[in-house]
Amino acid sequence: MRVSVDRDRCCSSGMCVTNVPEVFDQDDDDSLVRLRQTTFRPDQFDDLRLAAQLCPGGAITVVEDEPAAAEQAGAQPV
């Protein structure tokens with residue numbers, strides 16, 4: 001999973017920080033969103049998706065990783 005923030009769209013509501021404080025922070029100077037980490041654990045994925053959905057400015061983008069090659073090819077378990 002990849003997460004990016006668009007500081008130009010951020011309206012400083014702090015919803016991201018409230019929901020996922022280990023990942024998001026607000027800049028001390030302008031209160032705009034910033035990422036605290038760039039790699040994410042699977043247990044954070046649902047919270048990251050929620051933060052993106054709740055962001056009133058639409059400043060958070062979550063990009064899901066591509067499924068494994070075997071899943072894409074339709075491989076059946078043995």
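Colleague: How many helices and strands does the chain have?

Modeller: There are three helices and four strands in the chain. Keep in mind that this is a predicted model. Going along the sequence, the pattern reads β-α-β-β-α-β-α.

Colleague: And what share of the 78 residues is buried?

Modeller: Buried residues come to 26% of the 78 in the chain. The accessible surface is about 5,300 Å², and carbon and sulfur atoms hold 47% of that.

Colleague: What part of the contacts comes from residues 24 or more positions apart?

Modeller: Taking the contacts with a separation of 6 or more, 52% are between residues 24 or more positions apart.

Colleague: OK, on to helix α2. Which of its residues are buried?

Modeller: Helix α2 spans residues 45-54, and its buried residues are F45, L48, A51 and A52. Looking down the axis of α2, those buried residues fall within an arc of 120°, so they line one face of the helix.

Colleague: What covers them?

Modeller: The cover over the buried residues of α2 includes β1 (2-5), α1 (15-19), β2 (24-26) and β4 (60-63).

Colleague: Which exposed residues sit on the face turned away from the buried side of α2?

Modeller: That face of α2 carries the exposed residues D46 and Q53.

Colleague: Let me zoom in on L48. What is L48 in contact with, neighbours within four places in sequence aside?

Modeller: With those neighbours left out, L48 is in contact with M1, V3, V20, V23, F24, F40 and V62. L48 has a relative accessible area of 0%, so it counts as buried. As for R2, its C-alpha is 9.7 Å from that of L48, although the two are 46 residues apart in sequence.

Colleague: Switching to charges. How many salt bridges does a search of the whole structure find?

Modeller: The search turns up five salt bridges. One of them pairs R7 with D30, with the closest N and O atoms 2.8 Å apart. R7 is in the loop between β1 and α1 and D30 is in the loop between β2 and β3, so this pair ties together parts that are 23 residues apart in sequence.

Colleague: Are R7 and D30 buried or exposed?

Modeller: Somewhere in between. R7 is partly exposed, with a relative accessible area of 30%, and D30 is partly exposed as well, at 36%.

Colleague: Which residue does R34 form a salt bridge with?

Modeller: R34 pairs with D25, and the closest N and O atoms are 3.0 Å apart. R34 has 37% relative accessibility, so it counts as partly exposed.

Colleague: Back to α2 for a second. What does R49 form a salt bridge with?

Modeller: R49 forms a salt bridge with D46, with 2.8 Å between the closest N and O atoms. Both R49 and D46 lie in helix α2, three residues apart, which is about one turn of the helix. An α-helix has 3.6 residues a turn, so residues three or four places apart point the same way. R49 is partly exposed at 28%, whereas D46 is exposed at 56%.

Colleague: Which residues are linked in a network with that pair?

Modeller: The network of salt bridges links D46, R49 and E64.

Colleague: Changing topic: how many disulfides are there?

Modeller: Zero disulfides in the whole structure. For C10, the nearest cysteine sulfur is that of C11, 6.0 Å away. For C11, the nearest cysteine sulfur is that of C55, 6.0 Å away. A pair of cysteine sulfur atoms has to be within 2.5 Å to count as a disulfide, so C10 and C11 are in none.

Colleague: Are those two cysteines buried or exposed?

Modeller: C10 is buried, with a relative accessible area of 16%, while C11 is partly exposed at 48%.

Colleague: What about the backbone: which phi does S12 have?

Modeller: S12 has a positive phi of about 60°, although it is not a glycine. Most residues other than glycine have a negative phi. S12 sits in the loop between β1 and α1. S31 also has a positive phi, about 65°, without being a glycine, and S31 is in the loop between β2 and β3 (33-35).

Colleague: Last one. Which residues form the nonpolar patch on the surface?

Modeller: M15, L50 and L54 form that patch, with about 210 Å² of accessible area together. L54 belongs to helix α2 and is partly exposed at 36% relative accessibility.

Key. Residues numbered from 1 in each chain as written. Predicted model: local features only at pLDDT ≥ 70, side-chain atom pairs only at ≥ 80, totals over all residues. Heavy atoms only, no water. Buried < 20%, exposed > 50% of the residue type's maximum accessible area, 1.4 Å probe, protein only. Helix = DSSP H or I, 4+ residues; strand = E, 2+ residues; numbered from the N terminus. Arc of directions from axis to C-beta. Contact = heavy atoms within 4.5 Å. Patch = residues over 30% accessible without salt bridge, like charges linked within 9 Å, V, L, I, M, F, W, Y side chains within 5 Å. Areas by Shrake-Rupley, 256 points an atom, 1.4 Å probe, with all protein chains shown as cover. Salt bridge = Lys/Arg side-chain N within 4 Å of Asp/Glu carboxyl O.
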